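Me: I would like a close look at one strand and the parts around it. Please take the pairing before the packing.

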Amino acid sequence: MQLLDRVRKTEFLGREFLLWLWFKSETEDGIFDLGDKGTAELWLDGKITLQSETERGVETITCTGEALSMKEARLALAEEKEIRHATVKMAMGDNQWSFTLDSTWMNFRSFKTPKVMNDSKEDPDGLFYEKAFLMEEAISAMDLIYFSFIKSRLSPEWETEERMAIAQWMRRGATGEAAQPSSTAGETV
């Protein structure tokens with residue numbers, strides 16, 4: 001199978017991953033357990049692009065603003081548009097990263113690391129290595145979070161619990177209701 005065929009066959013996973021991240025960030029404060037590496041907090045912030053294909057063609061909506069006020073994006077989700085790109089912020093300890101995730105290729109764009117504090121005059125190579133370390137730290141955390149998503153996606157609870165909770169969260173967003181904690185996410189609306 002050619003690379004492009006494999007991408008087309010599995011590209012829905014990237015869209016579902018971004019939707020799952022948004023859902024988790026609103027219903028569970030976006031806290032992800034990274035095992036030995038501690039925890040990471042993630043939230044969608046700044047810009048999100050959603051798209052759908054209909055018989056009339058491709059419809060795209062791009063929303064910018066604070067995560068809690070992206071009402072138009074939540075409405076677009078309810079209209080079965082899927083997330084194509086999202087700006088994500090991630091915090092671990094005192095460090096914070098910002099990047100855009102592309103759902104098709106699962107690549108990073110506009111990657112911003114925490115500010116490097118190394119003195120460039122004493123150790124010019126140190127700036128490069130510290131920046132590379134900070135990028136690797138964020139990418140490693142995202143790998144662990146994606147693994148958690150895939151583990152959840154392949155579990156029997158995905159269809160019976162997680163997908164239903166996400167669908168209810170999407171419906172609440174379409175009506176303008178605030179996000180509910182995960183303990184009430186499975187209740188019938």
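Through how many residues does a hairpin join β2 to β3?

Reply: The hairpin between β2 and β3 passes through two residues. This is a predicted model, in which local features need pLDDT of at least 70, side-chain atom pairs count only at pLDDT 80 or more, and totals for chains, interfaces and linings use all residues. Residues are numbered from 1 along each chain as its sequence is written, and side-chain values use heavy atoms, with hydrogens and water left out.

Strands (E, at least two residues) and helices (H or I, at least four) are DSSP runs numbered from the N terminus, and two strands pair if DSSP finds at least two bridges between them. β2 (39-54) is joined to β3 (residues 57-65) by nine bridges, and the two run antiparallel. Here S52 stands opposite E59 of β3. β2 is also antiparallel to β4, with eight bridges; L42 has M90 of β4 as its bridge partner. With β1 (residues 31-33), β2 pairs in the antiparallel sense over three bridges, and I31 is bridged to E41 of β2. β1 and β2 form a hairpin as well, with five residues between them; in that turn, G35 has a positive phi of about 70°.

On the packing side, M90 recurs, together with L21, I48 and I145, among the residues with the most contacts inside the largest nonpolar core, which has 40 residues. Such a core is a set of buried Ala, Val, Leu, Ile, Met, Phe, Trp, Tyr and Cys residues joined through side-chain atoms within 4.5 Å, where buried means under 20% relative accessible area with a 1.4 Å probe, protein chains only. β2 and β4 each supply at least two residues of this core, as do α1 (3-27), α2 (71-78), β5 (95-102), α3 (124-154) and α4 (157-175). The largest share, eight residues, comes from α1.

L21 links back to the strand pairing through L42. Leaving aside neighbours within four places in sequence, L21 is in contact with L42, and also with F32, L44, L101, M142 and I145; contact means heavy atoms within 4.5 Å.

How values were computed. Buried means under 20% relative accessible area, exposed over 50%, partly exposed in between (1.4 Å probe, protein chains only).
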